[in-house]
Amino acid sequence: MNPNKRPDDMVRITNGELAAKFIDEQVAEVRKQVGDRGVLLALSGGVDSSVVAALLVRAIGKQLVCVHVNHGLMRKGESEQVVSVFRDQMKANLVYVDATDRFLDKLVGVADPEQKRKIIGGEFIRVFEEEARKLDGIAFLAQGTIYPDIVESKGVKAHHNVGGLPDDLKFELVEPLKLLFKDEVRQVGRALGLPSEMVDRQPFPGPGLGVRCTGAITRDRLAALRESDAILREEFAKAGLVGKVWQFFTVVPDYRSTGVRAGKRLFDWPVVIRAVNTVDAMSATVPDIDWNLLHRISGRILTEVPGVCRVLYDLSPKEPATIEWE
């Protein structure tokens, strides 16, 4: 049997009982594979890596070393949540690396989206390698590979694969979720006791806010992006739209617009609200958002976020637009 091929008769995990059975099976498999040796995991805080981390904590406890790299491009409160859930609540062996300055310094003046992606991805691998070399007894690398990664890319997608690590590290892979679809991963996460904000986390690009702070990233514009995004998420949650709208976020473009405040002319940024619904991300529609809600969000952003003088709602479907701006 092909270990990377989902069996035709494999039962889909659709409820907590089936998720619990899967967890028990994988705990036994991981313990058999790993023995008493160490396992390393890059814990981004996304759904897949979080569920793998929680599963491995249950299976092997402190033998797992989770490394969370804060590249300064996370949404507001995300790194803090990773530390709270895994170090404080689950008592996981977590290494937290605040590499904000390191990443943002390398991104100064870089406007090309692909170059930004390469810098962020490459620097992540270097930081992760540095942390890996500080550790003794690590024989395995755990990854949040799921079945669509294998089907769509005939292997492991780059955003999961930290296989850019040098060959001399010679880690064997541990991939307990590799035959599951995303909805099944979420079921397993719930059964493992992860918070809903983590299990039901929206898709988030590998470069993080780096592709929503368009053009060359500046720290002040990045701060405006992070705060406006937090306001949007808070208001959508209050309005009961989480889970009803597939993805929503803000964008702060790299240009300024004329405005006025307290009778004085100013030259500040616009904030663009982006919300989409989709089934497969190949096409997307824009939901009708209550006008009063949009007014409330706009008012809060204009009042609470420094450096912003306009709020816009992106009405563009995919196609011709893409979901992300970069």
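User: In this predicted model, which residue of β3 is the bridge partner of His68?

Analyst: Tyr96 of β3 is the bridge partner of His68.

User: What makes β2 and β3 a pair of strands?

Analyst: Two strands pair if there are at least two bridges between them. Strand β3 covers residues 93-98, and 6 bridges join β2 to β3, so the two count as paired. They run parallel. Between them the chain passes from β2 through α3 to β3, in a right-handed β-α-β crossover.

User: How do you know that β1 pairs with β2?

Analyst: The cut-off is again at least two bridges, and 4 bridges join β1 (residues 38-42) to β2, therefore they pair. This pair is parallel. One bridge is between Leu41 and Cys66 of β2. With helix α2 (residues 47-60), β1 and β2 make a β-α-β unit, which is right-handed.

User: Why is strand β2 called mostly covered?

Analyst: Buried means under 20% relative accessible area. In β2 (residues 64-70), 7 of its 7 residues are buried, so the strand is called mostly covered. Leu64, Cys66, His68 and Asn70 are buried on one side, and Val65, Val67 and Val69 on the other.

User: What makes the empty space lined by Ser44 and Gly45, among others, a cavity?

Analyst: A cavity is a space where a 1.4 Å probe fits but cannot get out. The count comes to 1 cavity of 30 Å³ or more. The largest cavity has a volume of about 30 Å³. Its lining has 3 nonpolar, 3 polar and 2 charged residues. Helix α3 (residues 78-89) gives the most to this lining, with 3 residues.

Notes
Residues numbered from 1 in each chain as written. Predicted model: local features only at pLDDT ≥ 70, side-chain atom pairs only at ≥ 80, totals over all residues. Heavy atoms only, no water. 1 Å grid on protein atoms, 1.4 Å probe; cavity = no way out; pocket = protein on both sides within 12 Å on 5 of 7 lines; lining within 4 Å. Points joined across faces, edges and corners; volume = space filled by probe spheres on them. Nonpolar A, V, L, I, M, F, W, Y, C, P; charged D, E, K, R; others polar. Buried < 20%, exposed > 50% of the residue type's maximum accessible area, 1.4 Å probe, protein only. Right-handed = clockwise from strand over helix to strand, strands pointing away.
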